Every structure is written in C-alpha cells, then in structure tokens.
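Me: I am new to this structure. Please walk me through it, one feature at a time.
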Amino acid sequence: MIFPSTLIETMQTAQHIVISTGAGISAESGIPTFRQAQTGLWAQYNPEELATPQAFRRNPKLVWDWYAWRRGLVQSAKPNAGHTTIAQLEQFAPKLTLITQNVDNLHQEAGSQNVVELHGNLRRCKCSQCDHITTEWGAGTPPVCPTCGAFLRPDVVWFGEPLPAQAINHALEVSQTCDLFFSIGTSTLIYPAAHLPVLALQSGATAVEINPNETPLTRYVDFALTGSAGEILPALYQTLQR
Ligand code: OAD
C-alpha cells in the first residue's frame, strides 16, 4: 500500500493526534452493529425501543437480558489489527487521544490507554438512581445497587440521553487543539460525534478518514483512505517505521 508522503510527514511531526472511532473499527472483530445483531429470540424487538430509559422502567428484566446477550457477543470477540495499531500509535506519537463511540472495550483490550468513551462501556454498570458505578454485579435480573437498592443498568448511553459531560467536553477540547485528526470506521452521521472532525478542520488540523465507504465527511478531509481499518492502519504504521 502506498501512502502520500505528505501524510507520512504529517504523522511523523504531529504533536497531538486525535483518533475518533465508530462501529467500523470493530467490524473485523466480528462485532455486529446494533441492528445487525438482532437475531434469534431478539429479532422481534427493535433496538431503538430497548435501548431507552423508558424501556428499562417499563420492563427492566427484558432490557437487562438483552444487554446480557449483547455483552456475551462482545466478550467472545478479540481486538483486531486496527485496534492494535492504534494502541501502537499511542506509543509512537508525543500525544494521542482516542475518542470512541464503541461500547465493546476492544480498544482498551488492545492496550490503548488514553481513551475517551462517548457512549459508555458494556463492561460497566451504573445505578439507575444513585451515582454508583461498578464492573462487578450480582446475579439478579437486573441486579441491585449495593448502595441504594435500586436496579443496576448498563453504563451505556441510551437513546434520548445526553452524552457523559466530561467525555464530550474533553472530546470537543482535544478536537480543537490537535494537529492531526483521524476519523475511522464511523458513518459520521450521529451527533455530536460527527461534529468533532468539523471542529478539527476549522481549527486548522489535518484530517484523515479511513472507511471502505463514502460518508458526509469524505469530501472535506485532506486524505480519504478507502478500505478497511484492519488493513490500512497496519500498512500505515509500517510505512511510518521506515
Ligand atoms: P455505523 O454502524 O453507523 O457506521 C459504521 C461505519 O464503519 C460505516 O461508515 C462503515 O462504512 C464503516 N466500516 C465498516 N467496516 C469497516 C472496516 N472494516 N474498517 C473501517 N470502517 C468500516 O457506526 P457508528 O458511526 O459508530 O450509538 O454509529 C454511531 C452510533 O450510532 C453508535 O455508537 C450507536 C448507533 O446508534 C449508540 O449506541 C448511542
């Protein structure tokens, strides 16, 4: 794979790289997207009607069981070469911030450390009433909060809920101050994540997209690399090493 020399030079001299990822980075780990995942018993349910605070209030057991099943799908998946290369890039660059919309924890499993989770993480639960957050919980469906006794719920952002304030504020800040921004495996349709590359471009950063398909961002970026993240990222990293 041949990359433009201006891209390689920009990567070699960048002081702060921001990488924003979506479901596409996990595609090669076999993780189905929200909608693709609806098979078997769950095919009769619309995910947009399960991933809401109203659904959880109405039928906490149903929503808990659905997430337990989704967590099972993710737990058997392994990070792919795209995740691993991003973790390597974090060691290579003076500063790298990774912003992800994914809740599958695969970036962390690949070794990425500076991760901003915009939509939460399936490996954590939080209390539906108080501010208790945990990575361990009991066997109830749903289990209850050890602090206040209310139901625990997955620590992910549901439809109609705001993004975690600290995460989105940090993402907005780094997107405006980085010198190189990568948008990888995201359809760039869901706001506010879709606004991050726009802010980076407006602030003068070089923007790169890695995606096999065109998105609303494609025509604005400095470099649009067409293909899968699991192939392009390792090739790019190899070129950097030369
Ligand atoms: P989408 O499923 O909307 O888009 C996935 C993107 O990845 C598409 O643009 C694909 O072309 C691209 N893609 C597919 N395979 C790829 C590969 N091997 N390498 C690189 N790119 C690839 O996912 P997101 O943009 O992440 O929200 O969707 C954002 C949010 O919408 C999700 O986090 C979820 C959903 O509603 C919540 O759960 C709150």
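Me: Let us start with the ligand. Which backbone atom lies 2.8 Å from an oxygen atom of the ligand?
Reply: This is a predicted model, so read every distance as a property of the prediction. To read a polar contact, look for N or O atoms within 3.5 Å of each other. Here a polar backbone atom of Ala-23 is 2.8 Å from a ligand oxygen. Gly-185 also offers a polar backbone atom, at 3.2 Å from an oxygen of the ligand. Asn-211 uses its side chain instead: a polar atom there lies 2.7 Å from a ligand oxygen.

Me: How much of the ligand's accessible area does the protein cover?
Reply: Compare the ligand on its own with the ligand in place. Alone, the ligand has 800 Å² of accessible area, and the protein covers 79% of that.

Me: How many residues surround the ligand?
Reply: The count is 20. The closest are Ala-23, Thr-186, Ser-187, Asn-211 and Asn-213. Next, sort the shell by type: 11 residues are polar, 7 are nonpolar and 2 are charged.

Me: Now the sheets. In what order do the 6 strands of the open sheet run?
Reply: Read a sheet from one edge to the other. This one goes E3-E2-E1-E7-E8-E9, with parallel pairing. Strand E3 (115–117) and strand E9 (223–226) are the edges; each has a single partner strand, so one side of each has no neighbour in the sheet. From one strand to the next, the twist averages 15°.

Me: Over how many bridges do strands E7 and E8 pair?
Reply: Strand E7 covers residues 180–184 and strand E8 covers residues 206–211. They pair in the parallel sense over 5 bridges. To find the register, look for residues that face each other across the pair. Leu-180 stands opposite Thr-206 in E8.

Me: Which strands form the open sheet with antiparallel pairing?
Reply: That sheet has 3 strands, in the order E5-E4-E6. E5 and E6 are its edge strands, each pairing on one side only. Strand E4 (residues 120–127) pairs with E6 over 5 bridges, in the antiparallel sense. For the register here, find Cys-125 opposite Pro-154 in E6.

Me: What about rings? How many aromatic pairs are there?
Reply: Rings pair here if their centres lie within 6.5 Å. The count comes to 6 aromatic pairs. One of them is formed by Phe-56 and Trp-158: 5.5 Å centre to centre, with 45° between the planes, which makes it tilted. This pair links distant parts of the chain, 102 residues apart. Phe-56 sits in helix H3 (residues 53–58), and Trp-158 in the loop between strand E6 (152–156) and helix H7 (165–177).

Me: Last, the backbone. Where are peptide bonds cis?
Reply: Start with the usual case: most peptide bonds are trans. One cis bond joins Thr-141 and Pro-142, with omega about -5°. Pro-142 belongs to the loop between strand E5 (133–134) and E6. Another cis bond runs from Tyr-191 to Pro-192, with omega near 5°. Look for Pro-192 in the loop between E7 and helix H8 (196–202).

Me: Which residue has a positive phi although it is not a glycine?
Reply: Most residues other than glycine have a negative phi. Asn-105 has a phi of about 70°. Find Asn-105 in the loop between strand E2 (96–100) and helix H6 (106–110).

How values were computed: Residues are numbered from 1 along each chain as its sequence is written. This is a predicted model: local features need pLDDT of at least 70, side-chain atom pairs count only at pLDDT 80 or more; totals for chains, interfaces and linings use all residues. Side-chain values use heavy atoms; hydrogens and water are left out. A residue is near a molecule or strand if one of its heavy atoms lies within 4 Å of it. A polar contact is a pair of N or O atoms within 3.5 Å; within protein, one must be able to donate a hydrogen and the other to accept it, and residues adjacent in sequence count only if both atoms are side-chain atoms. Accessible areas come from the Shrake-Rupley method with a 1.4 Å probe; for residues, only the protein chains shown count as cover. Ala, Val, Leu, Ile, Met, Phe, Trp, Tyr, Cys and Pro count as nonpolar, Asp, Glu, Lys and Arg as charged, and the others, Gly among them, as polar. Two strands pair if DSSP finds at least two bridges between them. Helices (H or I, at least four residues) and strands (E, at least two) are DSSP runs, numbered from the N terminus. Axes are lines fitted to C-alpha atoms, for helices over the stretch in contact, and angles run from 0 to 180 degrees between N-to-C directions. Rings of Phe, Tyr and Trp (its six-membered ring) pair if their centres lie within 6.5 Å; planes under 30 degrees apart count as stacked, over 60 as edge-to-face and the rest as tilted.
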